[in-house]
Amino acid sequence: MVKQVVTTICFFLFHCIISYWAFMSSCSIHSSPKISIPAIARYFGTKGRYEDVNTYLIDDLLATNNSLVTLPSSKCSEIHLTAIIRHGTRYPTTKNIQKMREFYDLVVRDATGNLNCLSEIKSQWKMWYTDDMDGRLVDKGRADHRHLAQRLIKWFPSLLTEDNVRNGRVKLITSSKHRCVNSTIAFREGLMKGLSIKVELEPAVNDALMRYFDQCERFVKEVENNKSALEEVKRFNEGPEMKRVMEKMADRLDVPYASITDDSVEAAFFLCAYEFTIHDLNSPWCQLFDEVDAQVMEYAGDLKQYWKRSYGHDINSKSSCILFHDLFHRLDQVVAQINSDGVLSEAVTVQVGHAETLLPLLTLLDLFKDDIPLSSTNFATQKNRIFRSGNIVPYAANLLVVLYKCPEGIRMGARLNEKSLTLPGLADPVPMYEDVKKRYRALLEGCDQETVCKMNNS
């Protein structure tokens, strides 16, 4: 009897130990909790999570993936990093919150469809977004930047060091917008935690660099405040693909077709996207879309980014000349210091801005350019397009420019979202810095901010 009891106890303890070991081995202090990802999450565009671009981060938010990066020879050493980063996950703007509220009210008041998700929306979901949230950074957005800082320490251990931080060789620059300032502060927190130090490191606010688009008169007048600049977006929103999405939405809700507009389906799409990106919730709003609907919504968003921030109008990219020159001036300075006494004044520069800070600069560099421009009529033929804003500028998107000192001279590497980029016209993924300057010579010599942004009143 005693033997049987002892055996039973031993078996129980063994089972507990194995279960605990299995639990601990399946968890990580850095990992995201397992969540249900909406089937349409890949189509959220600029409202998408960084982890859905780099899916290995879903299991470990501090992981780095060396297979996605091309490095120069082991004889080379990194000497400088400039990181231009989009702010982290944020709340919707007041304008979009109002659209979301109007759609929610319509659903609660008028929808009579028999979908399970509709019943859940009416009985359980409450409109919790308030106007004062207005694009502010959420907790997830702070985590985005803390984790990015810690990963960059792993990527660049000889640059992001305690010595460089303490001696002022790491600079932080931010847009004045609260979501950018708070993202920069979160990045600093991640840096301090990753290096196990506590040092004064105040970010400098510089809207001339990080919000250059506001100060480019020609862009503001010809694009920002000119409705005809987005005519292709308007035509698509009035076209057959979007009309079909609106009709399907009306059918699902069992409301008159006239009740659903392109603003309505956009609001529903935002409700799905924000619930997921902010709270990791696969909300009932997501069930109002199938994959084809989501592809149409993604294309509408990409069209807007294309015509307002990218290749649609020449001034979109040219408005970023000031940031382009700031980058290359800094790189030239690093090269000059290396070639003289080898003492660097700036090892790392971190600049935090917006999607509309990054996208025009990437366009100026001739990246993510499709052979055929995106238009209101070629949705069907653009399904394999390169220009997908969700892959290019999700929350916490980052352009990393790295200089390496090599036996043959200075080389430059570029990464977007921690993946190596090959610059157009340069076969080598880590080319000689002088070859990069030759590739962009026309911009270096002629992309003058004052000239390109000045309105021609003649």
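Which residue in S4 is the bridge partner of Thr 82? In S4, Thr 82 has Thr 349 as its bridge partner, and the legends below start from that pair.

A note before the views: this is a predicted model, in which local features need pLDDT of at least 70 and side-chain atom pairs count only at pLDDT 80 or more, while totals for chains, interfaces and linings use all residues. Residues are numbered from 1 along each chain as its sequence is written, and side-chain values use heavy atoms, with hydrogens and water left out.

**View 1. The open sheet and its seven strands.** The strand order is S3-S2-S4-S1-S5-S6-S7, and the pairing is mixed. Strand S3 (204–205) and strand S7 (419–421) are the edge strands, each pairing on one side only. Here helices (H or I, at least four residues) and strands (E, at least two) are DSSP runs, numbered from the N terminus, and two strands pair if DSSP finds at least two bridges between them. Strand S1 (residues 77–86) runs parallel to strand S4 (residues 348–353), with six bridges between them.

**View 2. Two helices packed on the sheet.** Helix H6 (residues 178–195) touches S1, strand S2 (170–174) and S4, and its direction makes about 160° with that of S2. Helix H14 (residues 321–340) also packs on the sheet, where it touches S1, S4, strand S5 (398–406) and strand S6 (409–416). The direction of H14 makes about 165° with that of S1. Such angles run from 0 to 180 degrees between N-to-C directions, with axes fitted as lines to C-alpha atoms, for helices over the stretch in contact. Contact means heavy atoms within 4.5 Å.

**View 3. Strand S2 and its partners.** S2 is mostly covered, with four of its five residues buried. Buried means under 20% relative accessible area, exposed means over 50%, and partly exposed lies in between (1.4 Å probe, protein chains only). S2 and S4 run parallel and are joined by five bridges; Val 170 has Val 348 in S4 as its bridge partner. S2 also runs parallel to S3, with two bridges, and here Thr 174 stands opposite Val 205.

**View 4. Two hairpins, S5 to S6 and S6 to S7.** S5 and S6 are antiparallel, paired over eight bridges, and a hairpin of two residues joins them. Val 402 stands opposite Gly 413 in S6. Seven of the eight residues of S6 are buried. S6 and S7 are antiparallel as well, with three bridges, and the bridge partner of Ala 414 is Leu 421 in S7. Two residues lie between S6 and S7 in their hairpin, and Asn 417 in the turn has a positive phi of about 55°.

**View 5. The largest nonpolar core, around Trp 285.** This core has 108 residues, and those with the most contacts inside it are Phe 103, Tyr 129, Leu 253, Ile 260, Trp 285 and Leu 399. A nonpolar core is a set of buried Ala, Val, Leu, Ile, Met, Phe, Trp, Tyr and Cys residues joined through side-chain atoms within 4.5 Å. Helix H11 (residues 262–279) gives the largest share, eleven residues. Domain 1 (60–89 + 139–223 + 314–453) and domain 2 (94–134 + 226–304) both contribute residues, so the core lies between them. Domain bounds come from an automatic or database domain assignment. Beyond its neighbours up to four places away in sequence, Trp 285 touches residues including Phe 103, Trp 125 and Leu 271.

**View 6. Where the two domains meet.** Contacts link 19 residues of domain 1 with 16 residues of domain 2. The C-alpha centres of the two domains lie 33 Å apart.

**View 7. Lys 99 and Met 242, two buried residues.** Lys 99 belongs to helix H2 (residues 94–110) and counts as buried because its relative accessibility is 18%. The side chains of Lys 99 and Asp 263 share a polar contact of 3.4 Å. A polar contact is a pair of N or O atoms within 3.5 Å; within protein, one must be able to donate a hydrogen and the other to accept it, and residues adjacent in sequence count only if both atoms are side-chain atoms. Met 242 sits in helix H10 (residues 240–253) and is buried at 2% relative accessibility. Met 242 and Val 296 are 54 residues apart in sequence, yet 6.7 Å apart in space, C-alpha to C-alpha.
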